Amino acid sequence: MSRKIYVFDTTLRDGEQVPGAKLNLAEKLAVAEQLAKMKVDMMEVGFPSSSQGDFEAVRAISRKIGKDVWIAALGRAVESDIDCIYESIREAENPLIHIVLGSSEVHVSKKFRKTPQQVIDMGVGAVKYARRLLPQVQYSLEDASRSEFEYLWQTIEAVVKAGATIINVPDTVGFAIPDEFGKLIYRINDRLKNLDPKVLLSVHCHNDTGLATANTLAAVKNGADKVECTINGIGERAGNTALEEVVMGISLHEAYYGGHTTVDTRQIYETSRMVSATMGLDIQVNKAITGENAFAHSSGIHQDGLLKSKDVYEIMDPETIGAPAMEIVLTARSGRHAFMHITRQLGFDIPEESMGEIYQQFLAMADAKKEIYDNDVLTLLKNSTIPSSGNNPQLWQLINYEMTVARGLPSATVTLAKGDKEVVTRQTGSGVIDALYGAIMEAVDAPMELIDYRINSLSRGKGSLGKVTTQIRCDDQLFAGKAIEQDVMRASALALINAINKMVLEQAFGYQQEALH
Ligand code: KIV
Ligand code: ZN
């Protein structure tokens with residue numbers, strides 16, 4: 001068995017430093033619960049001396065979550081901060097005091113205006129003080145990657161002798177290069193394990209030049225025992241190392257890194273969506289592992305290859321991170337093979353001799369709409385002259401919707417059809433989308449929960465197309481739906497209906513499992 005790499009999540013501390021991402025207590029608790037469900041080893045949940053609100057949140061999380069996971073809180077190397085950390089985390093089962101103090105020339109001489117020895121003494125004093133309160137103390141040498149090596153080591157040696165149980169080496173300003181950072185960690189680890197093999201060596205990288213994940217993995221390869229990361233890589237400035245990237249990187253190359261994590265990777269997707277939604281921070285569409293396009297294939301050549309065998313273009317199954325099944329995005333570049341596949345998935349069997357004609361109609365539609373989703377294919381088939389190709393009795397279709405906002409109260413009336421059945425429902429809501437979605441869900445009348453709704457403009461100006469992405473959960477399975485329309489209310493309705501139809505097809509035919517057969 002390879003060595004265990006400890007995963008320390010700092011979404012609720014470094015991640016929460018992103019402007020506008022501040023969470024309230026209930027939101028912090030919900031994120032912490034999800035992180036615990038994902039089985040991170042340690043989570044850093046605030047800087048308690050920074051505000052009363054932060055203190056309360058750290059204490060609430062320590063009380064509620066601090067059973068199977070270490071709870072850490074950060075402070076400066078001063079007694080008042082350490083007291084505050086202690087008070088906020090002492091009720092956790094495994095509390096961890098995290099002290100930060102600069103070690104680079106610029107921090108020592110310009111920020112602290114002290115001599116190097118005075119800074120070491122400050123760190124040693126702080127660690128000794130903290131160790132009188134709790135058995136686990138992490139010491140972070142801020143700006144370590146820009147520090148002079150012998151001074152760095154002198155500090156590490158002194159604080160370990162004073163009782164630090166974890167040494168954290170941050171690339172605070174995202175300046176490091178993977179090869180050099182790996183060598184730095186190798187040198188430190190070599191000396192540290194001789195000094196005290198029980199002390200964990202940790203890294204914390206920022207992403208200012210896009211190298212946070214590469215630097216962290218180089219450190220793991222060179223002996224780091226612990227990685228600090230955030231969900232979706234959020235954090236100060238350009239962010240931190242993305243947890244999902246490091247965890248999946250290690251998992252795909254366990255033999256190379258000689259290590260493994262015990263994170264439940266099937267919770268990654270949901271955690272990522274939750275953090276994005278509660279903090280109001282969008283995930284870039286091409287974000288590794290969790291971006292909307294991470295498992296979407298649009299090139300005709302790729303689609304054809306994937307339909308022959310998934311492993312032609314897929315290095316991990318979306319299921320391993322709990323994401324909805326991989327997606328074939330129909331565009332004007334999609335070949336017949338992909339188009340036929342989607343029509344079959346929707347339950348239609350188009351006669352071979354009609355395929356050419358329908359495919360040409362599809363290409364004309366794709367030229368106009370950029371991306372083609374299930375409702376578009378249904379509309380295409382419905383309007384086509386090919387007999388019996390336009391109606392799958394299993395699937396919901398949008399016939400009409402009307403929105404009103406009277407005296408500030410939005411309401412929606414929708415007409416949906418499924419086979420010969422037509423259902424009309426009306427709902428009010430806290431906003432127009434809430435009302436619209438309430439009415440659609442009432443019409444469909446199936447157990448489901450909306451877990452994500454996003455809207456983006458595909459271009460600028462009044463005539464722009466709106467793209468809506470939704471996700472629903474039913475029986476612990478996720479179903480995503482998308483739609484592109486000029487009318488964003490219609491796009492919203494269709495995106496939800498597309499997700500619902502995926503759920504219906506899954507229940508009827510095992511759609512997700514059959515996605516590539
Ligand atoms: O970036 C940094 O140096 C930090 C420390 C507190 C670890 O966030
Ligand atoms: Zn940081």
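This report walks through a metal site, a ligand pocket, some salt bridges and a few backbone details in a predicted model.

## The zinc site

Let's start with the metal. The zinc ion (ligand 2) is held by three donors at 2.1 Å: an OD oxygen of Asp-14, the NE2 of His-204 and the NE2 of His-206. Read along the chain, these donors follow the pattern D-x189-H-x1-H. Asp-14 sits in the loop between β2 (6-9) and α1 (25-37), while His-206 sits in the loop between β8 (200-205) and α8 (212-221), so this pair ties together parts that are 192 residues apart in sequence.

How accessible are these donors, buried or exposed? Asp-14 has a relative accessible area of 3%, which makes it buried because the cut-off for that class is under 20%. His-206 is buried too, with a relative accessible area of 5%.

## The pocket around ligand 1

The zinc donors turn up again around the other ligand. Ligand 1 is surrounded by Arg-13, Asp-14, Leu-74, Val-100, Ser-140, Glu-142, Asn-168, Pro-170, Thr-172, His-204 and His-206. By residue class, this shell divides into 3 nonpolar, 5 polar and 3 charged residues.

If you are setting up a contact list, here are some pairs to look at. A polar side-chain atom of Asp-14 lies 3.1 Å from an oxygen atom of ligand 1. For His-204, a polar side-chain atom is likewise 3.1 Å from an oxygen atom of the ligand. In the case of His-206, an N or O atom of the side chain is 3.0 Å from an oxygen atom of ligand 1. The protein covers 93% of the 260 Å² of accessible area that ligand 1 has on its own. Which elements give two or more residues to the shell? They are β6 (137-142) and β7 (166-171).

## Salt bridges

Across the whole structure, a search finds 39 salt bridges. One of them belongs to the neighbourhood described above: the side chains of Arg-13 and Asp-14 meet with an N to O distance of 3.6 Å. Arg-13 is buried, with a relative accessible area of 10%. Arg-13 also forms a salt bridge with Glu-44, at 2.9 Å from N to O. Arg-13 lies in the loop between β2 and α1 and Glu-44 in strand β3 (residues 42-44), so the pair links parts that are 31 residues apart in sequence. Both Arg-13 and Glu-44 are buried.

Another salt bridge joins the side chains of Asp-264 and Arg-266, at 3.1 Å from N to O. Its two ends have contrasting surroundings: Asp-264 is buried, with a relative accessible area of 16%, whereas Arg-266 is exposed, with a value of 55%. Elsewhere, salt bridges that share partners connect Glu-292, Glu-327, Glu-371, Lys-467 and Lys-482 into one network.

## Backbone details

Two aspartates deserve a look on your Ramachandran plot. Asp-143 has a phi near 65°, a positive value in a residue other than glycine. Asp-143 is found in the loop between β6 and α6 (149-162), and its relative accessibility of 0% counts as buried. Asp-445 is not a glycine either, yet its phi is positive, at about 50°. The loop between α16 and β16 (449-457) holds Asp-445. Is Asp-445 buried or exposed? Asp-445 is exposed, with a relative accessible area of 65%.

Gly-431 completes the tour. This residue lies in the loop between β15 (421-428) and α16 (432-444), and at 22% relative accessibility Gly-431 counts as partly exposed. The C-alpha atoms of Gly-431 and Val-405 are separated by 9.0 Å, with the two residues 26 apart along the chain.

Note on methods: Residues numbered from 1 in each chain as written. Chains lettered and ligands numbered in written order. Predicted model: local features only at pLDDT ≥ 70, side-chain atom pairs only at ≥ 80, totals over all residues. Heavy atoms only, no water. Donors = N, O, S within 2.8 Å, 3.2 Å for Na, K, Ca; no water. Helix = DSSP H or I, 4+ residues; strand = E, 2+ residues; numbered from the N terminus. Buried < 20%, exposed > 50% of the residue type's maximum accessible area, 1.4 Å probe, protein only. Near = heavy atom within 4 Å. Polar contact = N/O pair within 3.5 Å; in protein donor to acceptor, adjacent residues only side chain to side chain. Areas by Shrake-Rupley, 256 points an atom, 1.4 Å probe, with all protein chains shown as cover. Nonpolar A, V, L, I, M, F, W, Y, C, P; charged D, E, K, R; others polar. Salt bridge = Lys/Arg side-chain N within 4 Å of Asp/Glu carboxyl O.
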